[in-house]
Amino acid sequence: MGGDLRASPSQDLFSFPLFSDIPLFFEIPFYCQVRSEERVLWCIAVVDVAIQDYVADVASELIYQNKSQSSTEVLFVFPLGPNMAIYSFQARSEDANVQAMLRDEVQQLHKATGGWENLEYLRDQSQYPGEVFACFLGTLSPGSEVVVTLRFVQELSREPDGAAHFVLPPTLHPHTKLYAWNCRSSKLHYSLLLSASLQSPRGVANVQANFALTPLIYTAQDRSTAQVSLAGSPPSQHDLELLVYFGDPTAVSAVVEKGDPGAPPGSLLGDPMVLVTLAPSIPEVVPGQRQSGEFIFLLDTTFLEHAQDSLLFLLKSLPLGCYFNIYCYEETSVGVYPRSVEYTQDNLTEALRRIPSTSSSLGDNNLLGILRSVYNTPRPRGHTRQLFIFMARLPPDKEAITAEVCCHRNSHRCFSFCFSQDSAALAMALARETGGEATYVSSDNSTTAVLQCLKRALKPAAEGVSLSWTLPRGLEVEVLGGTPESIFQGQHSLLYAQIHGQAQDMMVAKGVMTLQYSLDGEHVTHTIEFPLCPKGDGRLAGHRLAARCLLKRLLPEAVSGSGDEPRQRAVEISLTSGIICPFTSYVGVRTSQRVTWYRRPLALLPPRQSLIPCQVIELRGSHKVSSCHPMSIWVPPGWLTAVCASWLALRQLTHGIAALPQRGACSKARKPPPQSISSLKYVDPMEFGFCSSIFGWWCSEAIAECQELVALQNADGSWAISSRLASVLEVHEAEIKGKMPDEVMEPSIWATVLAVTWLHRHDKHCQDLCELLEAKAVTWLCSRDVPQLDKCLEAANTLLGSSVKPSVFRL
């Protein structure tokens, strides 16, 4: 197949990749419009997976057959998963061959032929926003079949134990129960042939799966390559997942992939590519202790009108030792402080005083200006920067905002919170580009959502990350996209480094890569030696993903309008590598397979070609599922039915950030599939909506009860005895002072013990909201070395009528 794109539509197979960054997993296999009770059945799928360390290349052939008594319109739709790029698509039937052409947008041919309205209809039939690749394949006659060839590459997630985690998209393995009703059939018939080839210079140690596998067969004496296959029929109740374990799971690994021998030396596809995995081992920290970090909050003023309590909980939960600042969306881009300040009681009090209580700007917000101000302000030395961005509505310059964040992706992490569907795509993009998270929130769950994200943001990080290389004379390395400055606990970074030049003997040459970073003030170094002899099966998975990475780096320059060179360079890389970018797009070419003869004079007519709709579509997410028929939608005759309009199909659309889940105590996590090895969780938005409507008052009541107590807590985690504290605890101030144990020499110690005890006397949700605040309080108490703290707790239980156990205070 190769990765080269050709301009001529007469080629036998046209390869194109997909620039798929939006982290959505709709997993919809096929759409059809059927006028009888029969449907288009999936007869067989042949899937070949090649995994090389943490990169996978998937080649699949899908065969669909029309079992109805009438012709059927066919629309193929493939949702774009995270870290994935489709690079080849073809559909063949007895009548025609459909291919996709990648063209410069300037030369793009628009709105080709009939069938365009089907794509427009599809655009509006999703309850959630996101991108999909869609191609209208035309009409399938009764009894005939269409064969779809689909290939894609994907970066794999790394488990904490070092395993590469691969999930077969349900597009290639539809769940019978989930999709049976799509075209009014009671059962979905299909068979799956799945094989996987595994490769790593560290050796393939083991493979685990949540389905039956054949025994692992090694194809090299050093166990660097192996093969495994699906044994028997696949389970139909859950996704198919593989965990591939390699030898020596160190903090850094390097795999060299050979280039395309047909590409010129020095080009992106022609030179070898090093796939680098950085995964420092970072220990846990005790919650509530002093901690470094810079936390910057960018607030839409609309958010302030409805979620003052969320901001209060968020600011009070920050740890001592960090730096912080607050920006509000106004017509200016000035923060509460000119630059981030240390988190102290005085600075926190002043920040809360300066934050406006209502919106003073009804026009367009200025998120872009704020971001530029933040990036132009140096961060405190030794403090990793993290942004919390709250969007109540979609900013008008979303492309420029995304480009600005992309330009600084290696220097910080974004946690994005959107309050409306129209801002969901931007929230996901900002989080995705920086390794953060995006969350869809409502007024009922915003406090819980932001606090859960803050807990993840407080994970420790390896800071000051740097890579150095030692290579034989004549060789040099270029890291595409740069190296991240920080790597957080539980995360890893996959980099692409291209080797330029020529050594005397690449077959025996070796390189040395050194990873350096600081962890809690200590300097850490990891060194690894790797062979420079390029390996690989010629599928160029690493090169394709590297091209995608390089296009990301060029995007900010191209969008900023700083000359035509960045755009031309991006287009060149896109067309030569096959990876789509914002400046290239698709043309669908349908070539007739039938031979036609002229009668006068006798001559063979060349195959007839026509253009068909084939493009990446951003689903608007405006469709509302009917309460009477939540599993289907009515489609006028002649239109295509879009499965993405159904609630059931969309339950598969995400892992974590992908669905912008409604996080919080009110949400219900999806139960893991039987025998599933996945630790990823999904919160069904519809289930959350139901939960919020019934229990939203309960969440609000819990927040209201805790809010006044939280407002009284000091930045160091302590409380002071006051009439307001007595009112919250529902006791008299004189009684608090009179019941203070003799062993307590400092009134604030007694007040802090009472506050923590009161929190544990109340419901679990209140404890969850104040988990970080409580950890700060307990840490403060431990630092005071309080004698007989157990006696103090006993007195607090007696006064408040509670039975809190000493373990709460780490006793």
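**Exercise 1. State which residues of helix α6 are buried, and what they pack against.**

Solution. The buried residues of α6 are L367, L368, G369, I370, L371, S373, V374 and Y375; buried means under 20% relative accessible area, exposed over 50% and partly exposed in between, with a 1.4 Å probe and protein chains only. Helix α6 spans residues 367–375 and is mostly covered, with eight of its nine residues buried. Helices (H or I, at least four residues) and strands (E, at least two) are DSSP runs numbered from the N terminus. The model is predicted: local features need pLDDT of at least 70, side-chain atom pairs count only at pLDDT 80 or more, and totals for chains, interfaces and linings use all residues. Residues are numbered from 1 along each chain as its sequence is written, and side-chain values use heavy atoms, with hydrogens and water left out.

Next, consider the partners. The buried residues of α6 pack against β18 (294–299), β19 (323–328), β21, α7 (398–407) and β22, where contact means heavy atoms within 4.5 Å.

**Exercise 2. Classify the ring pair F388 and F415, and locate both residues.**

Solution. A pair of aromatic rings is described by the distance of the centres and the angle of the planes. Rings of Phe, Tyr and Trp (its six-membered ring) pair if their centres lie within 6.5 Å; planes under 30 degrees apart count as stacked, over 60 as edge-to-face and the rest as tilted. By this rule the chain has twelve aromatic pairs. For F388 and F415 the centres are 5.2 Å apart and the planes stand at 20°, so the pair is stacked. F388 belongs to strand β21 (residues 385–391) and F415 to strand β22 (residues 412–418), so the pair ties together parts that are 27 residues apart in sequence. Both F388 and F415 are buried.

**Exercise 3. Repeat the analysis for F390 and F417.**

Solution. The ring centres of F390 and F417 are 4.7 Å apart and their planes at 10°, so this pair is stacked. F390 lies in strand β21 and F417 in strand β22, so the pair ties together parts that are 27 residues apart in sequence. F390 counts as buried at 1% relative accessibility, and F417 is buried at 0%. Ring pairs link F297, F388, F390, F415 and F417 into a cluster.

**Exercise 4. Identify which arginine lies over the face of F488, and which over that of Y87.**

Solution. A charge sits over a ring if NZ of Lys or CZ of Arg is within 6 Å of the ring centre and within 35 degrees of the ring normal. R413 lies over the face of F488, at 3.6 Å from the ring centre. R544 lies over the face of Y87, at 3.7 Å from the ring centre.
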